[in-house]
Amino acid sequence: MTKEETMKISEAEWEVMRVVWTLGEVDAQTISETLSHRMQWKLATIKTLLGRLVKKEALRTQQVGKKFLYSANVSEEETFRSAQVELFSHLCARRVGEQLNQMIEEVPLTQADIDQIRQTLDKKIATNIIPCDCLPGQCHCHHAAESLE
Ligand SMILES: [Zn+2]
């Protein structure tokens, strides 16, 4: 898998990945016990999810005695970032700012978070023109963007 390809991770697979990211090298049983507080998944389900994640190269596995141990091939930050890039790619570039603002309005933030976002915004240099690369009919700004070129 190349760096440019975004790895698609399902909701269920994310739950498994979070355990591996937190605990490091783990076996299916440990993941199953960790998730059992919230998920009613059978061990077989966990194993299926692990198999898929290995196939996607999100996890690697090695056999130690009778156990298979799983560890992450990708970092949590990297995976989250690519999911975020993927999500924003579904939106006209010109509407990303508006959506970010919406997100900030909706998510709970600590004072430290707010201070950090404020610092980032203070350093941010505004762009006058954001090019739209949507197809005609995918957004309302397409023709306006064409005339700018
Ligand atoms: Zn557009």
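**Presentation: the zinc site, the largest pocket and selected residues**

Good morning, colleagues. Let me begin with one residue: A83 is partly exposed, with 30% of relative accessible area. The model in front of you is a predicted one, and every value I shall give is computed from that model. A83 belongs to helix α4. Its C-alpha atom is separated by 7.9 Å from that of M7, although A83 and M7 are 76 residues apart along the chain.

Let me now turn to the overall division of the chain. The protein chain is divided into two parts, domain 1, which covers 1–90, and domain 2, which covers 93–148. Taken over C-alpha atoms, the centres of domain 1 and domain 2 are separated by 30 Å.

I come next to the metal site. Which residues serve as protein donors of the zinc ion? They are C92, C132, C134, C139 and C141, each through its SG atom. These donors lie 2.2 to 2.8 Å from the zinc ion. Along the chain, the donors follow the spacing C-x39-C-x1-C-x4-C-x1-C. C92 sits in the loop between α4 (76–88) and α5 (96–106), whereas C139 sits in the loop between α6 (111–123) and α7 (142–148), so this pair ties together parts that are 47 residues apart in sequence.

Are these cysteines buried or exposed? The cut-off for buried is under 20% relative accessible area. C92 has 6% relative accessibility, and therefore counts as buried. C132 is likewise buried, at 8%, and C134 is buried with a relative accessible area of 11%. C139, at 16%, is buried as well.

With several cysteines gathered at the metal, one may ask about disulfides. How many disulfides does the structure hold? The number is zero. For those new to the term, a disulfide is a covalent bond between the sulfur atoms of two cysteines.

I now move to the largest pocket. The space in this pocket is about 1,300 Å³. Its lining is made up of 35 residues, and those nearest the centre of the pocket are Q84, F88, V96, G97 and L100. Three elements, α4, α5 and α6, give two or more residues to this lining. Which of the elements provides the largest share? It is α4, with seven residues. You will recall α4 as the helix that holds A83.

As to the chemical character of this lining, it has 21 nonpolar residues, nine polar residues and five charged residues. The pocket also concerns both domains: at least three lining residues are drawn from each of domain 1 (1–90) and domain 2 (93–148).

Let me proceed to helix α2, which spans residues 28–35 and includes T30. L35 is found in this helix too. Is T30 buried, exposed or partly exposed? T30 is partly exposed, with a relative accessible area of 28%, while L35 is buried, at 7%. The C-alpha atoms of T30 and V20 are separated by 9.7 Å, and these residues are ten residues apart along the chain. For L35 and E15, which are 20 residues apart along the chain, the C-alpha separation is 7.8 Å.

My next residue is E57, which is placed in the loop between α3 (43–55) and β1 (59–64). What is the phi of E57? It is near 65°, a positive value in a residue other than glycine. As background, most residues other than glycine have a negative phi. In terms of accessibility, E57 counts as partly exposed, at 44%.

Finally, let us consider D115, which has its place in helix α6. D115 counts as partly exposed, with 37% relative accessibility. What distance separates the C-alpha atoms of D115 and Q62? The distance is 43 Å, for residues that are 53 residues apart along the chain.

To summarise, in this predicted model, the zinc ion has C92, C132, C134, C139 and C141 as its protein donors, and the lining of the largest pocket draws on both domain 1 and domain 2. Thank you for your attention.

Methods:
Residues numbered from 1 in each chain as written. Predicted model: local features only at pLDDT ≥ 70, side-chain atom pairs only at ≥ 80, totals over all residues. Heavy atoms only, no water. Donors = N, O, S within 2.8 Å, 3.2 Å for Na, K, Ca; no water. Helix = DSSP H or I, 4+ residues; strand = E, 2+ residues; numbered from the N terminus. Buried < 20%, exposed > 50% of the residue type's maximum accessible area, 1.4 Å probe, protein only. Disulfide = S-S within 2.5 Å. 1 Å grid on protein atoms, 1.4 Å probe; cavity = no way out; pocket = protein on both sides within 12 Å on 5 of 7 lines; lining within 4 Å. Points joined across faces, edges and corners; volume = space filled by probe spheres on them. Nonpolar A, V, L, I, M, F, W, Y, C, P; charged D, E, K, R; others polar. Domains from an automatic or database assignment.
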